[in-house]
Amino acid sequence: MLRLAIQKSGRLSEDSLNLIRECGISFVSSSLKLKTESTNFPLEILYLRDDDIPGYVADGVADIGIVGENVLVEEGKQSLTVEKLGFSKCRLSLAVPKTMEYNSIQDLNGKNIATSYPNLLKAYLQEQGVEADIHTISGSVEIAPSIGLAEAICDIVSSGSTLISNGLKEVERVFKSEAALIANEELSEEKREILEKLLFRIHAVQRARKKKYILLNAPNESLDEIRSLLPSIKSPTILPLAEDGWSSLHSVVNEDDFWEIIEKIKAAGAQGILVIPIEKMII
Ligand code: ATP
Ligand code: ZN
C-alpha cells in the first residue's frame, strides 16, 4: 500500500484528484474524510493542508504527495521531487502600489515587504543584492500595503487580477511554479514498485492530454501532401473509402499545433475532419 498526500481543499485538490482518477484509480472521496483507500489500486489518499505535505512526505507519514513547487522550495524540500505535473501553474511575484514609482529592483532597498514565502523571497533579494525587511504573514498578503502593513508584497499570481483589484502592480517575477509529485527518499521495494506502476499510468495520461486523434477523408492525389503535414506516432493509417479515388486517414496531432495543421490540411483537400480526445497513450 502506497500513501499519497494531496491538498484537502484548495487550488491543487481538484486537479490532483482528477489525475488519480484518470489513471483508472477508483476511490470514494468525501470532503469530510481525512483519508480514503482505493478500491482497485494499492493506494491510500491522505487529505492535508498543502503546507504540511512536504514535511509529511519527508518524514514518511505519507510516501508520496502532490504539492506546488512554491511550497516545496519554500520548505527546502525540493530534493523530494519526482517530477513536475503540469497543472496549478502560477508564479511568485513582487508587487507594489500602482502609484509607486518603480524603475528597478533597487527601489525595494530598505522597504518593508509582506509575504507568505520568506525563504524564497530572501534568496531572491540576496541574489539581486537588495536589502529589505521581510514581514511574514500567512494569508491575505495582497491587502498589506493598503492597511499600512508593508510597502510591497511578494505573493502568488496567476492572471494578476487580484493584484489589480487591490491597487497593486506586478514588478518582478521571483519564482515560477507548478504542481509536482514528490516522494519519500527511503521507500521500501514494495512501495517503489507501486510508485513505478502509478508513474507509468501518469505518463500515459499526460501524453494523451497533449495529443488529439484526427480522422479525415481526402482524394488519393492529396494524400502525400496531407501526410507530410501530419507527423504521427509512426506513420498514419490510410484506409480506402467506398467511393473510388478517396481514402480515410487517421493520425495523432499535438494539441499545440493543431489549429495550424487543420487549416493546412483543409487547404490541401481534406474533408470531414474529426478531432477526438485521447484518453490514454502508451508508446
Ligand atoms: P491550504 O489551506 O491547503 O494551506 P492555501 O490557501 O495555502 O491552502 P491554495 O490557495 O489552495 O493554498 O493554493 C495551493 C497551491 O496552488 C499554491 O501553493 C500554488 O502552488 C497553487 N496556486 C495558488 N494560486 C494559484 C493560482 N491562482 N493559479 C494556479 N495555481 C495556484
Ligand atoms: Zn497552504
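**Close-up views of a predicted model**

**View 1. An irregular zinc site.** Around the zinc ion (ligand 2), the four donor atoms subtend angles of 70 to 178°, so the arrangement is irregular. Four donors would count as tetrahedral if all angles lay between 85 and 135 degrees; four count as square planar and six as octahedral if opposite donors are over 155 degrees apart and all others between 65 and 115, and anything else is irregular. From the protein, Asp50 (OD) and Asp51 (OD) act as donors, lying 2.0 to 2.1 Å from the zinc ion (ligand 2). Donors here are N, O and S atoms within 2.8 Å of the metal (3.2 Å for Na, K and Ca); water is not among the atoms, so sites may look incomplete.

**View 2. The two aspartates at the zinc ion (ligand 2).** Aspartate 50 is buried, at 17% relative accessibility, while aspartate 51 is partly exposed, at 31%. Buried means under 20% relative accessible area, exposed over 50%, and partly exposed in between (1.4 Å probe, protein chains only).

**View 3. Serine 88 in its loop.** Look for serine 88 between β5 (81-84) and β6 (90-97); strands are DSSP runs of E, at least two residues, numbered from the N terminus. Its phi is positive, near 50°, in a residue other than glycine. With 22% relative accessibility, serine 88 is partly exposed.

**View 4. Serine 140 in its loop.** The loop between β8 (133-136) and β9 (152-157) holds serine 140. Though not a glycine, serine 140 has a positive phi of about 50°. Its relative accessible area of 47% makes serine 140 partly exposed.

**Notes.** Residues are numbered from 1 along each chain as its sequence is written, and chains are lettered from A and ligands numbered from 1 in the order in which they are written. In this predicted model, local features need pLDDT of at least 70, side-chain atom pairs count only at pLDDT 80 or more, and totals for chains, interfaces and linings use all residues, while side-chain values use heavy atoms, leaving out hydrogens and water.

Methods: Helices (H or I, at least four residues) and strands (E, at least two) are DSSP runs, numbered from the N terminus.
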